[in-house]
Amino acid sequence: MTAHKKLDLVTLEVVRNALPAITNEMSYLLQRTSYNMMIYEVRDYCCGLIDGEGNLLSQNTGGVSHFVADMGAVIKDGIVRYGREGFKPGDVIITNHQRVAGQHLNNVVIYTPSFFKGDLIAFPVIRAHWIDVGGMSTGFSAGNALDPWMEGLQIDQIKLYDEGKVDEKVWRLLKDNIRYPESSLGDLKSQIAACRLAERRLEELLTRYGRAVVVEAIEQIFSQTEARCRSVVREMADGTYEAESLFGGHPLDGGKPLQIKVKVMIDGSNMTIDLTQCSTQRQAPINARTLAGAMVAYKAITMPFDPVNEGSFRPLTILIQEGNYMMAKHPAPMANWSRTIPTVVDTILKALSPVMPEKIPAGHLGVLGGTVVFFGTDPRNGERFVTQSIEGGGWGGRPWEDGEAASVSVCQGDVRNAPIEKMELKWPVIVESRTLRQDSGGPGKFRGGLGLTTQVRNLVEGRWTLAETGREKYPPWGLWNGKPGAASDQLLRLPDEPEFKSVNIVRHLTPANCVARIVTAGGGGWGNPLDRDPEKVRWDVIEEHISMTAAREEYGVVLDPDTFEIEFRETARLRAEIGQQQKEEG
């Protein structure tokens, strides 16, 4: 077909939708062909298209949102390493190194150069979670790694394929240093296949419309996205807005809490997010090199439902210094790199709550979720296994409705927990229960979403990782007189013990028939609980979201214990009494 000479409105819309369609197709291929449940079920990955200058063209719908902040940085670093002329058709580059876009080493990036008529035009790229990269990396079990060498295998912008020919020495090096090569190298092949698919789709798009037209369309898309984001910020009152929160400390740092202190400055249509007053890098592996917290928050408050591209962040300036725990210097340990990022997002939103009271929710679970990690060797067949799932928690109540229950964090896109049936089919475990956690949602006019309680029994000897989330002492906060949600916990009961005990363990060897209980936080409440519609409280009790006791003590609603009918006169009296107590307490 003859290429168009000029960009018209129809072609603009075709290109606007074609770019996300390409990354979505990458995602579908990855899901269908990967070996690792963390990819094909939990969906802990992100597919992107990056242009030759490191600008984000598109990301797959539901891709892990805190990955998108770092894809361009990886490509820019690769260009510095090889030069634009150093890439050839057929090349495949693999990297997970923490000196650039520092994350835990399990998050492996695969990208390929895409050419059109001999010119380098873009890079399809996928960052995906491998279950193991050697060292202490199995599952999420490097939480006590003191440096990246303890954590696992570091791969720094290595050409795995050079002009279509695999480097067998690199392949063997990977295979010999990974505990589960059949899984991780299978995922690697899936990532490569998805990138190759994107190369073909880009070539088809450029062939049909011409490079000049597509490039012009992309620039218009960037500009239009920028304008829409600026229009949202322009509606906010100019000023400086501040908030802070705390995150649990680690014994390596004397248990000193991590401080997350943010400033958000609005000047016309420009927004600056200042993170320079956050804690400096730590000895514990809580460090990272990422701007994800600020970028996810900005996207959430400007155009949360629109496809993301480079224009989404043009009006945003992020201030952060080298040595900040989110811009730590290599070789700072980073195995738990993403743990605090949802709390950073929440803290930024909290800072903006006075200027956006009709939009900002109360705090959500504030971490990636409760992690189920159990691994070992199944004596029935001699096969090694890794049990993994991410259990969601509660989101904060919103100015118009209750928070969502049992959902992963704001940073995780379409990540979900592993299905019980597949966990029990693949691994020697029984999921005894996965239930909503009664009374975990923070009381409010709009209640916080409920957390989860997930109980898993291991049928064979193996190692549990049940590590503190960092928010046990700092539960999700309420807004506008809403109350905090219930905090998270992780517990273990040994076969000869009658009760569960709270634990903080990594790679802990346990006998068969131990039971782990992963308890995730509920979201904070929005608004005074006494303003909640009594009928909603009644239905919360009927559906066992809250107890009869909470209905009375937190919401001032009195129900008949047999019929669950509202006793209106007693409710009015009790609410007046609780309201008076609140006034006296200030």
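Contact here means heavy atoms within 4.5 Å. The model used in these exercises is predicted.

## Exercise 1: The surroundings of R447

Task: Locate R447, state whether R447 is buried or exposed, and list the residues R447 touches.

Solution.

- Step 1. Place the residue. R447 sits in the loop between strand 15 (429–436) and strand 16 (452–458).
- Step 2. Check the cover. Buried means under 20% relative accessible area. R447 has 6%, so R447 is buried.
- Step 3. List the contacts, leaving out residues up to four places away in sequence. R447 touches the glycines G397, G403, G441, G442 and G524. R447 also touches D402, R532, D540, H545, I546 and Y555.

## Exercise 2: Cysteines without partners

Task: Find how many disulfides the structure holds, and explain why C195 is in none.

Solution.

- Step 1. Count. The structure holds zero disulfides.
- Step 2. Recall the cut-off. A disulfide needs two cysteine sulfur atoms within 2.5 Å.
- Step 3. Test C195. The closest cysteine sulfur belongs to C47 and lies 7.7 Å from the sulfur of C195, so the pair is too far apart for a bond.
- Step 4. Test C411. The nearest cysteine sulfur, in C46, is 12 Å away, and C411 is in no disulfide.
- Step 5. Add the cover. C195 is buried, at a relative accessible area of 0%. C411 is buried as well, with 0% relative accessibility.

## Exercise 3: Nonpolar cores

Task: Give the size of the largest nonpolar core and name the residues with the most contacts inside it.

Solution.

- Step 1. Start with the general trend. In soluble globular proteins, nonpolar side chains tend to be buried together.
- Step 2. Size the core. The largest nonpolar core has 105 residues.
- Step 3. Name its best-connected members. Y111, M271 and W464 have the most contacts inside this core.
- Step 4. Expand one of them. Residues up to four places away in sequence are again left out. M271 touches V233, M236, V264, M265 and I266. M271 also touches Y298, I301, P315, L316, T317 and L352.
- Step 5. Look for another core. A second, separate core has 33 residues, including I39, Y45, A128 and F222.

## Exercise 4: A nonpolar surface patch

Task: Identify the residues of the nonpolar surface patch that contains L146, and describe where L146 and L252 lie.

Solution.

- Step 1. Name the members. L146, M150 and L252 form the patch, and together they have about 240 Å² of accessible area.
- Step 2. Place L146. L146 is in the loop between strand 6 (119–129) and helix 4 (148–151). L146 is partly exposed, at 45% relative accessibility.
- Step 3. Place L252. L252 is in the loop between strand 9 (239–247) and strand 10 (258–267). L252 is partly exposed too, with a relative accessible area of 38%.
- Step 4. Check the contacts of L146. Not counting residues up to four places away in sequence, L146 touches L252 and P333.
- Step 5. Compare chain and space. L146 and P333 are 187 residues apart along the chain, yet their C-alpha atoms are separated by 5.7 Å.

## Exercise 5: Salt bridges

Task: State how many salt bridges the whole structure has, then work through the pairs R201 with E204, R289 with E322, and E565 with R538.

Solution.

- Step 1. Recall the principle. Side chains of opposite charge can pair when their charged atoms come close.
- Step 2. Count. The whole structure has 33 salt bridges.
- Step 3. Take R201 and E204. Their closest N and O atoms are 3.3 Å apart. Both residues lie in helix 6 (residues 181–209), three residues apart, about one turn of the helix. R201 is partly exposed at 26%. E204 is partly exposed at 45%.
- Step 4. Take R289 and E322. The N to O distance is 2.8 Å. This pair links distant parts of the chain, 33 residues apart. R289 lies in the loop between strand 11 (270–274) and helix 8 (292–302). E322 lies in the loop between strand 12 (316–319) and helix 9 (341–352). R289 is buried at 15%, whereas E322 is partly exposed at 45%.
- Step 5. Take E565 and R538. Their side chains meet at 3.3 Å, N to O. E565 lies in the loop between helix 12 (548–553) and helix 13 (568–584), and R538 in helix 11 (residues 534–542). E565 is partly exposed at 43%, whereas R538 is buried at 13%.
- Step 6. Look for shared partners. D77, R81, R99 and D156 are joined into one network by salt bridges that share partners.

Conventions: Residues numbered from 1 in each chain as written. Predicted model: local features only at pLDDT ≥ 70, side-chain atom pairs only at ≥ 80, totals over all residues. Heavy atoms only, no water. Buried < 20%, exposed > 50% of the residue type's maximum accessible area, 1.4 Å probe, protein only. Patch = residues over 30% accessible without salt bridge, like charges linked within 9 Å, V, L, I, M, F, W, Y side chains within 5 Å. Areas by Shrake-Rupley, 256 points an atom, 1.4 Å probe, with all protein chains shown as cover. Salt bridge = Lys/Arg side-chain N within 4 Å of Asp/Glu carboxyl O. Helix = DSSP H or I, 4+ residues; strand = E, 2+ residues; numbered from the N terminus. Core = buried A, V, L, I, M, F, W, Y, C linked by side-chain atoms within 4.5 Å.
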